[in-house]
Structure formats: C-alpha cells, structure tokens
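Biologist: Please show me the protein, and then let us work through it by question and answer.
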Amino acid sequence: MKLFLLSIILLLASPVLQAQTTDSALAVAAIKKEAAPKVTKISKTLFGIASYYADKFNGRKTASGEVYQHAKYTAACNVVPLGTWLRVTNLKNKRSVIVKVNDRLHPRMKRVVDLSRSSAEKLGYTKRGLTQVKVEVLGRTPPKAEQ
C-alpha cells in the first residue's frame, strides 16, 4: 500500500511526461525513473512522446547491427526487444505507421520511441520535432502489408 501511495505521489510530482502503459510493471518502473525498465512481459500499448533521428545518424550502425537509413521505417525503443514491430499513431492527427525496432535510445531518454525521418514525415510531425503517440506492440513477425 505504501509503495502504491508513493508511486501516485511521484507520478503527480513529476514534471516530465513519462511513458504511460497498460502494463503495471512498466508504469512502476517509469515512476521510479529507471532509464531502461527491465521488461518481463511485453505490454500491448504504450503512450508517450516520440522524436525522430537527426540527419547525422544516417549511415551509422544501430544497436541491432543494421545501418540506419532515414528512408526506412525503423525506430529506437528501450522498452521492447530489438526486431519487434510497432504501430505508432500520432495522437494529434491520428496518422499511423508500422516500424521495426532496430536501435536503442540513450539510457536517460524519457521518450518512448525515436523514429526514422520517413516515419516521422508519414506521421506529420517533422516541423515540431516531438509529438504525443500511441505505440502498439505487434510482435516479432512482420505484419501483413498494412503500410
């Protein structure tokens, strides 16, 4: 009970918008401000802030060993395993894109996902740089042609 009350107090006092999930273990980890929460069960839906890669990263290796290309639909995320497919929806305009996680965010990054430039363009937030998103975990196998 004390942990629950402490979690609520920390959540209300936190000035930074943190990822909100339907998975209680991830929510508690986010409240404790852990850089990369240890995930034992993959959540189905995450809510938070999305950014996109700077152009300087084009051509560099990602955490998965792939070379980052801003024209591909890829993402960096600390919450799900590499190789996981996600549907990311911009909550401001309801546009969505399906991306593959092939990189990690900086451990102190509070954002839920960092998208490739083409993904950000499809979602329509490249001028702002950041946007509120809903991230749905689709699994490890490529989804049917929904793009």
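**Questions on a predicted model**

Modeller: Tyr73 is partly exposed, with a relative accessible area of 32%. Keep in mind that this is a predicted model.

Biologist: Where is Tyr73 placed, and between which strands?

Modeller: Tyr73 does not belong to a strand but to a loop. The strands on either side of this loop are strand 2 (45-52) and strand 3 (74-76).

Biologist: What separation in space do Tyr73 and Ser118 have, C-alpha to C-alpha?

Modeller: Along the chain, Tyr73 and Ser118 are 45 residues apart. Their C-alpha atoms are nevertheless separated by 6.5 Å.

Biologist: How many helices and strands does the protein have, and in what order do the elements run?

Modeller: The secondary structure comes to 3 helices and 7 strands. Read from the N terminus, the order of the elements is α-β-α-β-β-β-β-β-α-β.

Biologist: What share of the 147 residues is buried?

Modeller: A residue is called buried when its relative accessible area is under 20%. Of the 147 residues in the protein, the buried ones make up 39%.

Biologist: Is strand 4 enclosed or open?

Modeller: Strand 4 covers residues 85-90, and 6 of the 6 are buried. In a regular strand, side chains alternate between the two faces of the sheet. Here Trp85, Arg87 and Thr89 are buried on one side, and Leu86, Val88 and Asn90 are buried on the other. Strand 4 is therefore largely enclosed by the rest of the structure.

Biologist: Which strand is joined to strand 4 by 5 bridges, and which residue in it stands opposite Thr89?

Modeller: The 5 bridges join strand 4 to strand 5 (residues 96-103), and the two run antiparallel. The residue of strand 5 opposite Thr89 is Ser96.

Biologist: How many residues lie between the two strands of this hairpin, and what is the phi of Lys94?

Modeller: Strand 4 and strand 5 form a hairpin with 5 residues between them. Lys94 is in the turn. Most residues other than glycine have a negative phi. Lys94 is not a glycine, yet its phi is positive, at about 65°.

Biologist: Is Lys94 buried or exposed?

Modeller: Lys94 is found in the loop between strand 4 and strand 5. The cut-off for exposed is over 50% relative accessible area. Lys94 has 60%, so it counts as exposed.

Biologist: Which residues of strand 7 stand opposite Arg87 and Asn90?

Modeller: Strand 4 and strand 7 (residues 131-139) pair in the antiparallel sense over 6 bridges. Opposite Arg87 in strand 7 is Glu136. Opposite Asn90 in strand 7 is Val133.

Biologist: How many residues of strand 2 are buried, and which residue of strand 7 is the bridge partner of Ile49?

Modeller: In strand 2, 7 of the 8 residues are buried, so this strand is largely enclosed by the rest of the structure. Strand 2 pairs with strand 7 in the antiparallel sense, over 6 bridges. In strand 7, Ile49 has as its bridge partner Gln132.

Biologist: Do strand 2 and strand 6 run parallel or antiparallel, and which residue stands opposite Ala50?

Modeller: Strand 2 is joined to strand 6 (residues 113-115) by 3 bridges, and the two run parallel. In strand 6, the residue opposite Ala50 is Val113.

Biologist: Which residues does Gly129 touch, not counting residues up to four places away in sequence?

Modeller: Gly129 is in the loop between helix 3 (117-123) and strand 7. Gly129 and Tyr52 are 77 residues apart in sequence, but 6.8 Å apart in space from C-alpha to C-alpha. With residues up to four places away left out, Gly129 touches Ala50, Ser51 and Tyr52.

Biologist: What volume does the largest pocket have, and which residues are closest to its centre?

Modeller: The largest pocket holds about 250 Å³ of space. It is lined by 17 residues, and the closest to its centre are Tyr53, Phe57, Asp103, Arg104 and Asp114.

Biologist: How many residues of that lining are charged?

Modeller: The lining of the largest pocket includes 8 nonpolar and 3 polar residues. The charged residues in the lining number 6.

Methods
Residues are numbered from 1 along each chain as its sequence is written. This is a predicted model: local features need pLDDT of at least 70, side-chain atom pairs count only at pLDDT 80 or more; totals for chains, interfaces and linings use all residues. Side-chain values use heavy atoms; hydrogens and water are left out. Buried means under 20% relative accessible area, exposed over 50%, partly exposed in between (1.4 Å probe, protein chains only). Helices (H or I, at least four residues) and strands (E, at least two) are DSSP runs, numbered from the N terminus. Two strands pair if DSSP finds at least two bridges between them. On a 1 Å grid over the protein atoms alone, a cavity is a set of points where a 1.4 Å probe fits but cannot get out, and a pocket is an open set with protein on both sides within 12 Å along at least five of seven lines; lining residues have an atom within 4 Å of a point. Grid points are joined across faces, edges and corners, and a volume is the space filled by probe spheres set on the points. Ala, Val, Leu, Ile, Met, Phe, Trp, Tyr, Cys and Pro count as nonpolar, Asp, Glu, Lys and Arg as charged, and the others, Gly among them, as polar. Contact means heavy atoms within 4.5 Å.
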